[in-house]
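Subject: Structure handover

Hello,

Below is the structure I said I would pass on. My notes on it follow.

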Amino acid sequence: MGKVKLLTLFCVLFLTGCSGVKNIQDLTYIVAIGMDFDEAEEEYVVYLQGLNFANVAKQEGAKSVDPIPIFIASSRGETLNMAVSKLYGKSEPPLYFGHVNTLLVTTRLIQSKAGEVLEEIGRNRSLRPTMKVFTTEEKIEDVFNIPALFNYPAIYTVLFKAKISQLAQNELKAITMMDFLRDYYEPMGTAKIPSVKIDESSWKANQDYPILYLNGFSTFQHQEYKTDIPLDHAVIINWLTEKGISVDRRVEKAGKLAAAVRLGEPKMEIMYDETADKPKFSIEISVSADLLEKIQKDLTMNGLKKQIEEDIKAKVESIYNEGVENKLDILDAGEKWYRKHPKQFQQLKKNRTFYLDQESLTEMKVNVEILHFNSYKFKRSIDGEL
């Protein structure tokens, strides 16, 4: 019996050895890192966004109406690590990087030093490869200082959305560092980073209430920055290349708004010319649509279907052609081609020229099936068909 008591006391003493473990309030949790570059001083400028738990948890009862400040630290250094290290002695509670969710870099930095930044981030063991990455033309401090609506903390903004199911209509999908690097180092295909912008006019609360939204892509081909893609094109690219995304689109007839539709998740099939020594292909897109609003009363069902198909075809061809002009494989046709044609790819790689041109896309077919008409009635067309 005495031995049992002694063993129990021994275990209790070991349990008290956890006194070095810090409580949740005894650490400064960094949830986002921002990076910029001062060309005049040749220094990296680093921003850390600290998490405040005071209004993060959803509590029962009334929520405080007093806005809680967003804590942002900044520092400079020749590298990311050297800049951050200057903040350790100036931060109490101490910094903790185990919950970094977002990396935000300026377009100025990513255009000139993408390779250096990505290499340094990849080597940092404190940062998880699943963190999301964004670019911005705004001042990083301004972006980090934007709260969500109703004074919710910054972790409820687009910088921290976790699942595709949380996306609003016509909103871009975030990308993780791991997925971006996979595309970045592919020998063919385009790597994309969503860009963040501040909107100061959509919401008001006695005065303008700025919010964050994703306004396009920064794009890379062959580990080199190429160009920025605007939101309208970026939404279509996201819709074509990602899964589980639907978009709302306007349908025009004779240059005027005819209807509004919601396009479901498309099926895009790329078929290659097996006799060509570089990517040469046709595209077939199949998609279902729901009619949201019919504006023009004389619009027929077949006319609506045909107009949606023509609009999609024209939009995708425009996106493809602009990509070729910027030496971008924006539809990732080459990424699929080189895996199936390794011998031709090795020969093409020796040429050192961009592998797509205006003639690479030989044909495009679009098939739309309208599933729901929202109780709208259609007149019969001249040929007697609905």
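The protein chain exposes about 22,100 Å², and carbon and sulfur atoms supply 51% of that area. Please keep in mind that this is a predicted model.

Overall make-up

The protein chain contains nine helices and 15 strands. It has 386 residues, of which 42% count as buried. Taking the contacts between residues at least 6 apart in sequence, 71% join residues at least 24 apart.

Cores

The largest nonpolar core has 67 residues. Those that touch the most other members are W239, L263, F281, I283, L304, I308 and I312. Helix α7 (residues 301-325) gives the most to this core, contributing seven residues. Another core lies apart from it and has 33 residues, including L109, V117, V133 and F180.

Helix α6

Helix α6 spans residues 231-241. Eight of its eleven residues are buried, so the helix is largely enclosed by the rest of the structure. The buried residues are H233, A234, V235, I236, I237, N238, W239 and L240. W239 thus appears in two lists: it is buried in α6, and it is among the residues that touch the most other members of the largest nonpolar core.

Helices α8 and α9

Two packed helices are described by the angle between their axes and the distance between the axes. For helix α8 (residues 333-340) and helix α9 (residues 342-351), the axes come within 6 Å and cross at roughly 115°. On the α8 side the residues involved are W337, Y338, R339 and K340, which meet P342, Q344, F345 and L348 of α9. Sorted by class, this contact has five nonpolar residues, one polar and two charged.

R262

One residue I looked at individually is R262, which sits in strand β12 (residues 256-263). Is R262 buried, exposed or partly exposed? Its relative accessible area is 29%, and a residue counts as buried under 20% and as exposed over 50%, so R262 is partly exposed. Its side chain makes a polar contact with the side chain of D248, at 2.7 Å. R262 is also 9.9 Å from H372, C-alpha to C-alpha, while the two are 110 residues apart in sequence. The strand that holds R262, β12, runs to residue 263, and L263 is one of the residues that touch the most other members of the largest nonpolar core.

Regards

Conventions
Residues numbered from 1 in each chain as written. Predicted model: local features only at pLDDT ≥ 70, side-chain atom pairs only at ≥ 80, totals over all residues. Heavy atoms only, no water. Helix = DSSP H or I, 4+ residues; strand = E, 2+ residues; numbered from the N terminus. Buried < 20%, exposed > 50% of the residue type's maximum accessible area, 1.4 Å probe, protein only. Polar contact = N/O pair within 3.5 Å; in protein donor to acceptor, adjacent residues only side chain to side chain. Contact = heavy atoms within 4.5 Å. Areas by Shrake-Rupley, 256 points an atom, 1.4 Å probe, with all protein chains shown as cover. Axes fitted to C-alpha atoms, helices over the stretch in contact; angles between N-to-C directions. Nonpolar A, V, L, I, M, F, W, Y, C, P; charged D, E, K, R; others polar. Core = buried A, V, L, I, M, F, W, Y, C linked by side-chain atoms within 4.5 Å.
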